[in-house]
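Hi everyone, thanks for making time for this. I'd like to walk you through a structure that may be new to you, so have the view open as I talk.

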Amino acid sequence: MSIATEREIAARAKRPIRFGVLRQMVDRRSDYLYVLPALIVMMIVIAYPIYYTIELSFFNTPSNLQMKDKVFIGLDNYARILTSRSFREVTMNTFIWTVASTFFAFLLGLGAALSLHREFLGRGVLRAVLLIPYVVSAVAASYVWKWLYHSDFGVIGALAVQFGFTDRPINFIDNIHTVLPSLIVVNIWKEFSFAMIMLMAGLQTVPDQLLRAAQVDGANAWQRFWHVTFPHLKGVSMVTVLLLMVANFNAFIIPWIMTSGGPAGASDIWITQIYTIAFGRQRYGLASAYSVILFIVMMTLGYFYVRALTRGDDTRVK
Amino acid sequence: MSMVSTAPSRRRRVKIDPWRWVGRIFLLFLLTFTVLPMLWMVLTSIKSQFAAMQYPPQWWPAEPTLQNYAKLLDPNGSTGQEFLRYFWNSFYVSMVTTILGVIVAVPAAYAFSRFTFPGRTFLFFSVLLRNMFPSVVFLMPLFLLMRWMGLVNTHGSLILTYLTFGLPLSIWLLKGFFDNIPIQLEQAARIDGATRFQAFFFIVMPLSTPGIIATSIFSFIGAWNEYVYAYTFLSKQDSMTLPVGIQRFFTEFATDWPGLMAATFLMSVPVVVLFLVLQKYFVRALTEGAVKH
Amino acid sequence: MAQVVLKEIVKQYGSLYAVNNVSLTVEDGEFVALVGPSGCGKTTTLNLVAGLLPMTGGDVLIGDRNVTDLDPKDRDIAMVFQNYALYPNKTVYKNLAFPLQMRKLSKAEIDTKVMDAAKVLDIVHLLQRKPRELSGGQQQRVALGRALVRDPQVFLMDEPLSNLDAKLRVQMRTELKRFHQDLKATVIYVTHDQLEAVTMADKMAVMSGGFLQQYDSPKNVFEHPVNMFVASFVGSPAMSLIPLEAINTGGKIALSSSEGWQLPLSEANSKKAQTASTSKIVLGARHSTLQLHKSKESNSVPGRVYTVEPTGDVTFVQVFLGGATVIVSLDPSVDVKSDQEVWIEFDQERLHLFDGETEMALTDP
Ligand SMILES: Nc1ncnc2c1ncn2[C@@H]1O[C@H](COP(=O)(O)OP(=O)(O)OP(=O)(O)O)[C@@H](O)[C@H]1O
Ligand SMILES: [Mg+2]
């Protein structure tokens, strides 16, 4: 409409254009007040430590923690870590620990979610019971399982003997071959119900109509799962797997309390290794460099996490 | 079960769905896997130390005793005193963290939900990304920071840390709740004579109570269960929280397994009760954001 | 009650002008309907008057006060929202009492005022219910009640009837009109249902694309639309618009179609047509001013019936004519069929001419 455009031009000419970023920030300064408390706390406890870790990773720090005596050594810390023999072993352990825990926790969670999807008597109670391991502290879980695995009086070993699998109680966590799988079982016990609850929520978003339509079209249970249910779970599954991976990567309590990385480093993962270097050997610089490496891996995972979380946003109908 | 419930008079029998049986067997397996360790914990906790250290084990305690619990909860005994002290410390730290967390997270979440200021998206994701960082990355610098601030061996160090690490999730959760409250309600309130703050306080806050409850449970459980920072920041016995305390306490000499199991049990009671009572909110908090409805 | 003046108000979202330089004056006690298609900026305008959005530019005056920089709460206005915006956790009573509480009235005063408003709106029996336990019409009444308890200077209403079913809407329309007459209230009423606007309003403000197109009494807007947008937006069914070519036939103007026929214009209309900036002229006619003939008559132009839509009292016939579709209303007893040849006669007194370039109505020079 030509009448409109003329006036539009007039309006544009008359009014200063007001959407510079700075201008907006000034205009909306009161909005920032709401975020400010959160921001300040995060600054102190998150931004500063990240900066400081990166800084320390280039220094040789004295074991008395008097940081004014630290010595700049460039990338030496990184070089030391990457060339050390234990690094490969620990990385391998970390990889196995993370991938196996995530995989099995997800698998058990998926099975549980699918089995619990249908309404039946006691479903709510069952869900609650399965969630208890996720809620209790990992410290509690570690002690309980340590006792279950006990080499002399552990109930699992005793049961194995009882049912004739072995003739002597098994030494689960003092054996370099069985220690890592044993810890992974504990981890799965602790977190599979997280996957379960996420996937149950995801299953609720699968439209019943679609499943019924597929049934009418002659799809059997497996085909319905594969062609209808599973595609709907993709988004949730992505997020769940990523969250599990992050949690497992960062898991410290179970390996630390149960074995402290032993025996002979067979259950040492990055995080326990860093802790030992920092607080056992008081070598903050080296541990910081280790942390930065870990940090980079995490950021990569984080990138995918955010992607998985926000991908739905564009397509979502308001 | 489907066969039993089908009336015999009906001609067509309901087809047995094999997947349903696979599901049931699988659930039975999971239930066993989940419950047996907890059951053994409880059984051990009511044995004497002598009865626990036997091979083959007593499957069922021959002489069940509450001795271990009595010892832990006896305010006059030295064990009881220490345990109750840890318990109180844990409770205090978790409570303060939870309350402060709500006070800080609510306005921030509200801002993220309502305003479109520059940098909003950036801020939000930086808040979210915190979830990804391993605690050890923060452990060393925070330990130095706490030492510098004189907070080592105080509960303040833990509260500050938990508060921050709980915030991203709290904000994210609460934002979801605020998003569901129509902005017109606030507009109506402001026209009815409320200031922005009053509109928020009288109209939005009451409507977001479920979100605040969900957030609170989460922070409480998180703080109650936390170990790494407590382990690093606290070395004095009387400031320790439960997860750290029981470790030092029961492993000093030869491990007293029944005592440890009783302590573990008592340590789990508050969070499990909280979870069972407010399960609905907890589950919602857990899945919010990851699953969009 | 008070006068409301909008002075060149502008609201910008990024590069989008949601409201662009709108100026209008609502006199004390006037009922003004703000109409326009979806997304044209009606709600935004209302929110600017209410102070719910920061303005990019312009001023708002209520009574004698410039309220541009005042908070909503200080503007002394009441607003009824499209989805009612009742506080879901409060009872009807508390919903009505809230604006009074915010103004720190005493309990006794609040109680009297709430009861008075409840009586007027016949919702006394609902006072202890929560909003979700009410029907749409009842919710609407409560929303109105919340605006009413305070007796503000101006009422703003954002499509308050749009969520109701057709029958209830007609009923509430009557009640709203009655309420306006009783209270002598100044009302700005947003709607995209122009029937609502025509039946209730003293004046109509037609918006499109953020611009105010026309602001006048419904009668004038209907009879003298200022441009093609208003002509086609107001009236149901819409005014038929036929793009034609003006040719000079010895002093007089005739409109010629691509199909070959010519329509000579009357003296008065010729003068109007001569003011056009181009030879492209759009002819506009409302269905009731057109006559349909089944055989050729003088002054009529040929067309072909496209569809016949009987509605009961009148039958609407769409006719292909000069490359456009023209709607004619007929008595239901007249029998016409699709694809039938017909002749349409225009009423020279009541047809509209628009400039084909500027889309503005052509008026007497
Ligand atoms: N917060 C916002 N950010 C960006 N653009 C907006 C915002 N709010 C509204 N708009 C845009 O401003 C224009 C006017 O919106 P407005 O809500 O006033 O329309 P409306 O006339 O009330 O329409 P409807 O009849 O559908 O309610 C629309 O194009 C809309 O997309
Ligand atoms: Mg609107």
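I'll go through an interface, a helix, a surface patch and some salt bridges, in that order. Please keep in mind that this is a predicted model.

Let's begin where chain A meets chain B. The contact takes 102 residues from chain A and 93 from chain B. How much area is buried between these two chains? It comes to about 8,700 Å², and carbon and sulfur atoms give 80% of that. On the chain A side, Tyr34(A), Tyr143(A) and Trp147(A) supply 10% of the area that chain A buries against chain B, more than any other three residues. As for salt bridges across this interface, the rule finds zero.

Staying with chain A, have a look at helix H8, residues 155-162. Its buried residues are Val155(A), Gly157(A), Ala158(A) and Ala160(A). What covers them? The cover includes helix H7 (138-148) of chain A and helix H2 (18-45) of chain B. After H8(A) comes Gly164(A), with a positive phi near 80°.

Now over to chain B. The UniProt record, an unreviewed entry, annotates several stretches of this chain as "transmembrane region", among them residues 91-110 and 199-224. In the model, residues 91-110 of chain B are 100% helix, and their end C-alpha atoms lie 28 Å apart. For residues 199-224 of chain B, the span is 96% helix, with 34 Å between the end C-alpha atoms.

Phe91(B) sits in helix H5 (residues 78-114) of chain B. Phe91(B) counts as partly exposed because its relative accessibility is 35%. It belongs to a nonpolar surface patch that also includes Trp88(B), Tyr92(B) and Met95(B). Together, the patch residues have about 650 Å² of accessible area.

Finally, the salt bridges: there are 17 over all chains. One of them joins Arg146(C) and Asp192(B), at 3.5 Å from N to O. That pair crosses between chains, from helix H4 (residues 136-148) of chain C to the loop between helices H9 (183-191) and H10 (196-207) of chain B. Are these two residues buried or exposed? Both Arg146(C) and Asp192(B) are buried.

Compare that with Lys219(C) and Glu223(C), whose side chains meet in a salt bridge at 3.6 Å, N to O. They are four residues apart in helix H7 (residues 218-223) of chain C, so about one helical turn separates them. Here Lys219(C) is exposed, at 56% relative accessible area, and Glu223(C) is partly exposed, at 36%.

That's my tour, and I'm happy to take questions.

Technical notes. Residues are numbered from 1 along each chain as its sequence is written. Chains are lettered from A and ligands numbered from 1 in the order in which they are written. This is a predicted model: local features need pLDDT of at least 70, side-chain atom pairs count only at pLDDT 80 or more; totals for chains, interfaces and linings use all residues. Side-chain values use heavy atoms; hydrogens and water are left out. Patches are made of residues with over 30% relative accessible area and no salt bridge: like charges are joined within 9 Å, nonpolar side chains (Val, Leu, Ile, Met, Phe, Trp, Tyr) within 5 Å. Accessible areas come from the Shrake-Rupley method with a 1.4 Å probe; for residues, only the protein chains shown count as cover. A salt bridge is a side-chain nitrogen of Lys or Arg within 4 Å of a carboxyl oxygen of Asp or Glu. Helices (H or I, at least four residues) and strands (E, at least two) are DSSP runs, numbered from the N terminus. Buried means under 20% relative accessible area, exposed over 50%, partly exposed in between (1.4 Å probe, protein chains only). UniProt positions are given in the numbering used here, feature names are shortened, and annotations may be inferred rather than shown by experiment. Contact means heavy atoms within 4.5 Å. Buried area is the accessible area (1.4 Å probe) that two parts lose on being put together, summed over both.
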